[in-house]
Each structure stands twice: as structure tokens, then as C-alpha cells.
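This report concerns charged side-chain pairs and the solvent exposure of their members.

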Amino acid sequence: MMNAVTWFEIPAEDFERAVKFYETLLQISMRCEVINGEPNAFFPFDEAEKAVGGVVTKVPHAKPGSQGSIVYLNAHSVPIFDQALAQVEQLGGSVVIPKTDLGPIGYVAVITDCEGNRVGLSTSKPE
């Protein structure tokens, strides 16, 4: 089955700050690469499985904002999800919609990142 989302880009003005925000928030390491003269930090994804991937990027045609598209990032587990929400503000972001129970689907929340982008977090419930 095809994924509805194939790629995402989260714009940043302060690239290094934004990368640190997401690495700390999601407890991940991002691979940084300059492409066409523009910095990109890749969220981890399985290229062999053709999984959905995305980047934090600093490009002239995109600016951070709180009213645009919303991308939901996988927080991996309920403990990481809860820890991420607890530290959003200390990392320079804010919680827009707190942890919301979607029944058997799991949990979601919406935050504003340190660059002003509205971003969703999601996790499934443990089985």
C-alpha cells in the first residue's frame, strides 16, 4: 500500500537550533547534509523500505510558520511521547494541543517548535 505522505520539509531560520530541538525532543540523531548549497537534517527513516522521510531545512523559498501544513512525527512510544511534551517549552517551543487520546489508534499532540512551525506528535498505545 502506498503512503499518503511521501516526504516532508520543516523550514528553519536557525538551522542548528532546529536540529537540536528535534534531536532532543524525539531522542534521535539526524544526518546533516548540504544539498544544492542548502543545509538539510534528515529524520531517520528506512530507505530500503521506502518509508516516509523528511528533513529540517533552511531554504530561501520556505519560512517557518504556525498556520501552514501540519506533519505528525512518530514519538516511538508513550514514555518518549510524554517526555517530549514535558520538555517542549524548555526547548523553545510550546504545546498547542495537549496529549489527546484517540482510543485504539493512540495519542496525538500538536506543538509549535522553536522556529514557530506547528508540528504534530503521535504514538501508538502499547499492546
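In this predicted model, E13 has a relative accessible area of 41% and is therefore classed as partly exposed. The side chain of E13 forms a salt bridge with that of K63, at an N to O distance of 3.6 Å. This contact joins distant parts of the chain, since the two residues lie 50 residues apart. E13 sits in the loop between strand 1 (7-11) and helix 1 (15-26), while K63 belongs to the loop between strand 4 (53-57) and strand 5 (72-74). K63 has a relative accessible area of 54%; because exposed means over 50%, K63 is classed as exposed.

The structure contains five salt bridges, among them the three pairs tabulated below with their N to O distances.

| Salt bridge | Distance, N to O |
|---|---|
| K63 and E13 | 3.6 Å |
| R31 and E33 | 2.4 Å |
| D82 and K99 | 2.9 Å |

The pair D82 and K99 is a salt bridge at 2.9 Å. It likewise connects distant parts of the chain: D82 is in helix 2 (residues 78-87) and K99 in strand 6 (residues 94-101), with their positions 17 residues apart in numbering. D82 is partly exposed, at a relative accessible area of 33%, and K99 is also partly exposed, at 35%.

The side chains of R31 and E33 meet at 2.4 Å, N to O. R31 has a relative accessibility of 39% and counts as partly exposed. E33, at 34% relative accessibility, is likewise partly exposed.

How values were computed. Residues are numbered from 1 along each chain as its sequence is written. This is a predicted model: local features need pLDDT of at least 70, side-chain atom pairs count only at pLDDT 80 or more; totals for chains, interfaces and linings use all residues. Side-chain values use heavy atoms; hydrogens and water are left out. A salt bridge is a side-chain nitrogen of Lys or Arg within 4 Å of a carboxyl oxygen of Asp or Glu. Helices (H or I, at least four residues) and strands (E, at least two) are DSSP runs, numbered from the N terminus. Buried means under 20% relative accessible area, exposed over 50%, partly exposed in between (1.4 Å probe, protein chains only).
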